[in-house]
Amino acid sequence: MFSSLKFRQYAIQIFLLLALVIFFLFIANNAEENMAARNMTAGFGFLEEKAGFPILFSPFIEYNAAINSYFDTFLIGFGNTVLVSILGIITATIVGLIFGVARLSQNWLVAKIASVYVEVFRNIPLLLQITFWYFAIMIPLLPSPRQSFTLGGDWFVMNNRGFYVPEVTGDGLSTLLYALLFAFVLIYFFVKWAKKKQAESGTVLPKFWLSLLILIIVPTIAVVFSSGNLELVFPEKGRFAWRGGWVVIPELAALWLALTIYTGTFIAENIRGGILAVSKGQTEAALALGLSRSQTLRLVVIPQALRVIIPPQTSQYLNLTKNSSLAAAVGYPDLVSVFAGTALNQVGRAIEIISMTMLVYLTLSLTISICMNIYNSRMKLRER
Amino acid sequence: MTLQEFNHRYQNLQYRPGAVGWVFKNLLSSPFNILLTFGALYILYLIIPTSLNWLIFDSYWEGESSQDCNFDAACWVFIKARFNTIIYGFYPQEHLWRPNLVLLLLVIGLSFVLIDRFSNKLRLRAGMVMLFAFPFVAFAILHGSLFGVEIFDPIVRTEQWGGLVLTLVLSLGGIVLCFPLGILLALGRQCKTMPVVKYVCIWFIEFWRGVPLITVLFMAAVMLPLLLPEGTEFDKLSRALIGIVLFEAAYIAEVVRGGLQALPKGQYEAADSLNFSYWKQTNLIILPQALKLVIPGIVNTFIALLKDTSLVSIVGMWDLLNSAIGSTRDPNWIGYIIEAYVFAGALYWLLCFSASKYSQRLEKKLSTER
């Protein structure tokens with residue numbers, strides 16, 4: 001009986017479970033003893049205490065060190081992490097797309113430049129790139145607020161406090177957002193209807209141009225005929241600093257730039273691989289059927305390339321989100337820098353704070369990968 | 001006339017473009033292409049002369065102090081002056097032969113493993129030596145003692161290790177240590193008969209892959225001392241290494257899993273039909289084939305690991321990046337920060353680029369062998 005395979009399998013599993021339970025009990029016991037020895041208490045009560053330290057950048061929540069709690073710093077850090085991740089994902093995708101296509105260009109010079117870009121920037125650590133843009137370029141070279149570099153009056157202002165552009169504001173802003181949302185819903189149903197019509201009667205409507213028209217007309221009508229107004233707030237020169245407008249602080253700019261350049265190289269490789277994976281016969285077959293060049297690209301090549309591109313693209317987006325935690329090196333107040341950095345130094349709740357931080361990243365990772373999996377399964381080849 | 005004869009006779013008549021033809025075909029074939037070429041040339045004109053002048057033609061090489069440099073071009077005198085700090089960190093100056101010896105052994109050992117002129121048997125043996133013996137030898141030489149036995153006279157504590165040497169210790173030590181763990185995790189994840197083992201492995205892998213390395217290093221730095229029994233002391237290096245190994249093992253596990261899944265089912269069935277036990281089957285049939293398949297993936301993980309070791313500078317260790325940047329805080333050398341970044345970046349780039357070229361070559365070779 002003892003030598004039977006089934007028995008051994010059960011024994012191993014029970015042993016593993018027991019070992020895990022003992023391991024966690026051991027750790028919990030140690031933590032309790034160590035904290036007792038250092039007069040520390042466990043629990044999340046500290047989250048309600050006043051934080052009392054300044055935060056450099058909080059675009060979503062009005063922050064006041066004297067009023068706001070540690071939990072608010074957690075939320076602000078989280079918001080800043082999401083902000084830089086989304087910005088980075090958008091720009092890295094654009095850069096990756098451009099260079100990925102450029103590497104396949106017929107033009108020898110363009111293809112070579114693109115491959116030099118990819119080979120140089122993906123083989124240098126991201127942390128080095130982030131700190132390079134910040135400490136070696138932005139800090140020494142950006143002018144002081146007094147000697148700001150301006151473009152077109154106050155349309156664009158650049159100094160060592162940040163990059164300023166006019167802010168769109170006013171009570172018409174919410175109307176505009178709702179109108180945009182409504183336009184997208186309208187476009188969704190329009191495209192669905194147009195496809196149905198094409199399937200029934202063969203009439204092809206200019207879907208793209210009509211959608212663009214909807215996207216422009218609906219918000220314009222909404223803003224013109226509603227009571228709310230939109231205005232531009234220009235950055236204004238104060239006594240010590242520039243005020244107003246949207247501002248990208250140098251810390252965010254350096255992080256964003258480095259994330260874009262670094263992740264862009266990996267995305268470029270994904271895209272190149274995806275396009276190469278579509279066999280030439282597909283293009284030739286589509287052309288032989290009488291599809292135009294753009295139709296071939298849109299209906300035949302891109303859908304098949306996307307199938308190859310999406311899975312590695314998901315992991316690049318996840319990597320970018322996780323890599324945004326390197327913000328700590330330049331002091332951009334993301335989750336790790338504010339919460340697992342400053343807040344941890346102040347209250348010393350290592351276990352609670354590190355666990356919360358890790359949980360956030362785990363949730364973000366799982367959310368992105370679930371969304372991409374859904375998208376991926378919809379794009380997948382349905383084999384019969 | 002056969003086709004071969006035809007080709008042989010008329011090959012001289014085939015159209016082969018000369019230099020001018022090449023330019024017209026690859027650079028000037030259409031109006032859009034012409035536009036692209038001139039755009040690219042203009043960008044190169046903007047970047048290359050300035051950078052070459054700054055890096056090489058106008059730069060300062062001779063001299064010893066910052067008086068010999070100007071800020072208008074690169075000051076390599078600075079790198080010369082701080083070279084030892086950037087490569088060896090705070091390792092005692094009079095004992096630099098020890099890290100040098102380790103680097104020399106490393107180069108010799110790796111060349112036995114990597115150069116395919118040598119017979120496979122020799123390469124495998126050298127690989128085993130590098131994997132199992134070299135880490136201990138390297139530690140003994142660098143630190144001066146092994147398992148408490150003193151071998152070399154002054155003992156150099158790990159806090160004094162730094163620079164490129166520390167980066168190599170972290171990345172090579174990391175890959176050697178996380179390798180067995182990663183293989184076990186991959187095997188566990190593939191295990192169909194024991195669901196507990198399978199799910200423990202999946203959770204472990206997904207957890208470490210879902211969090212950023214910097215939080216893992218923070219955890220190793222501030223949380224680990226709280227979780228261990230009172231009085232257990234780890235130096236900074238071991239704590240960082242534990243974090244790196246746990247993190248990187250999850251990635252290695254996924255790479256190895258790819259190899260396990262790529263093996264044809266017949267291999268498993270053949271081993272079963274020979275009535276091999278699980279470990280016999282794994283060690284003799286499955287792993288040798290699976291690992292060979294994933295060598296390029298492992299090299300890529302190593303490249304990622306090498307770049308990731310730069311993160312230890314955030315938890316206050318003096319690796320290559322931190323030593324280079326730290327050197328610019330020397331009051332005698334204020335303002336030469338770009339030089340420090342260029343030098344450190346070039347070293348990282350050289351290591352990662354050559355590793356990735358090696359892995360690409362291997363990939364090509366493996367794909368033709370099958």
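Helices here are DSSP runs of at least four residues, numbered from the N terminus, and this numbering serves for every stop of the tour, beginning with one loop of chain B. The model is a predicted one.

**First stop: a loop in chain B**

Select B:Asn275, which sits in the loop between α12 (265-273) and α13 (278-293) of chain B. Its backbone deserves a look, since B:Asn275 has a positive phi of about 60 degrees although it is not a glycine. Is B:Asn275 buried or exposed? B:Asn275 counts as exposed because it has 8 C-beta neighbours inside 10 Å, and a residue is placed in that class when the number is 12 or fewer.

**Second stop: chain B as a whole**

Now widen the selection to chain B, whose secondary structure comes to 16 helices and 2 strands. Along the principal axes, the C-alpha atoms of this chain fill a box of roughly 75 × 75 × 40 Å. The radius of gyration of chain B is 26 Å, where a compact globule of 370 residues would have one near 21 Å. Of those 370 residues, 33% count as buried, and among the contacts in chain B with a separation of 6 or more, 64% are made by residues 24 or more positions apart.

Colouring by confidence is useful at this point: the mean pLDDT of chain B is 82, and 95% of its residues reach 70 or more. Among the elements of chain B, helix α1 (residues 3-10) has the lowest mean pLDDT, 67, whereas helix α8 (residues 163-190) has the highest, 88.

**Third stop: the domains of both chains**

Colour chain B by its domain assignment, which gives domain 1 (11-57) and domain 2 (77-91 + 156-369); the C-alpha centres of these two domains of chain B lie 40 Å apart. Then do the equivalent for chain A, which is divided into domain 1 (5-40) and domain 2 (70-153 + 252-379), with 39 Å separating the domain centres of chain A, taken over C-alpha atoms.

**Fourth stop: where the chains meet**

Show both chains together and select the residues in contact, of which 43 belong to chain B and 49 to chain A. On the side of chain B that touches chain A, the elements that give two or more residues are α3 (31-57), α9 (195-210), α10 (213-227), α15 (320-327) and α16 (337-369) of chain B. Which of these elements of chain B gives the largest share? That share comes from α16(B), with 10 residues. By class, this side of chain B has 31 nonpolar, 10 polar and 2 charged residues. For the complex, the predictor gives an ipTM of 0.85 and a pTM of 0.85.

**Fifth stop: the nonpolar core**

Next, select A:Ile130, A:Leu255 and B:Leu217, which touch the most other members of the largest nonpolar core, a set of 152 residues. Centre the view on A:Ile130 and, leaving aside residues up to four places away in sequence, look for its contacts with A:Ala254, A:Leu255, A:Ala258, A:Leu326, A:Ala329 and A:Val330.

**Last stop: a loop in chain A**

Finish at A:Thr203, found in the loop between α5 (172-201) and α6 (207-225) of chain A. A:Thr203 counts as exposed because it has 8 C-beta neighbours inside 10 Å. Not counting residues up to four places away in sequence, A:Thr203 touches A:Lys197 and A:Gln198. For a distance to draw in the viewer, take A:Thr203 and A:Leu299, which are 96 residues apart in sequence and 17 Å apart in space, C-alpha to C-alpha.

Note on methods:
Residues are numbered from 1 along each chain as its sequence is written. Chains are lettered from A and ligands numbered from 1 in the order in which they are written. This is a predicted model: local features need pLDDT of at least 70, side-chain atom pairs count only at pLDDT 80 or more; totals for chains, interfaces and linings use all residues. Domain bounds come from an automatic or database domain assignment. Two residues are in contact if their C-beta atoms, placed from the backbone, lie within 7 Å. Ala, Val, Leu, Ile, Met, Phe, Trp, Tyr, Cys and Pro count as nonpolar, Asp, Glu, Lys and Arg as charged, and the others, Gly among them, as polar. A residue is buried if 20 or more other C-beta atoms lie within 10 Å of its own, exposed if 12 or fewer, and partly exposed in between; C-beta atoms are placed from the backbone. The radius of gyration is taken over C-alpha atoms; the globule rule is 2.2 Å times the number of residues to the power 0.38. A nonpolar core is a set of buried Ala, Val, Leu, Ile, Met, Phe, Trp, Tyr and Cys residues joined through C-beta atoms within 7 Å. pLDDT is the predictor's confidence in each residue, from 0 to 100.
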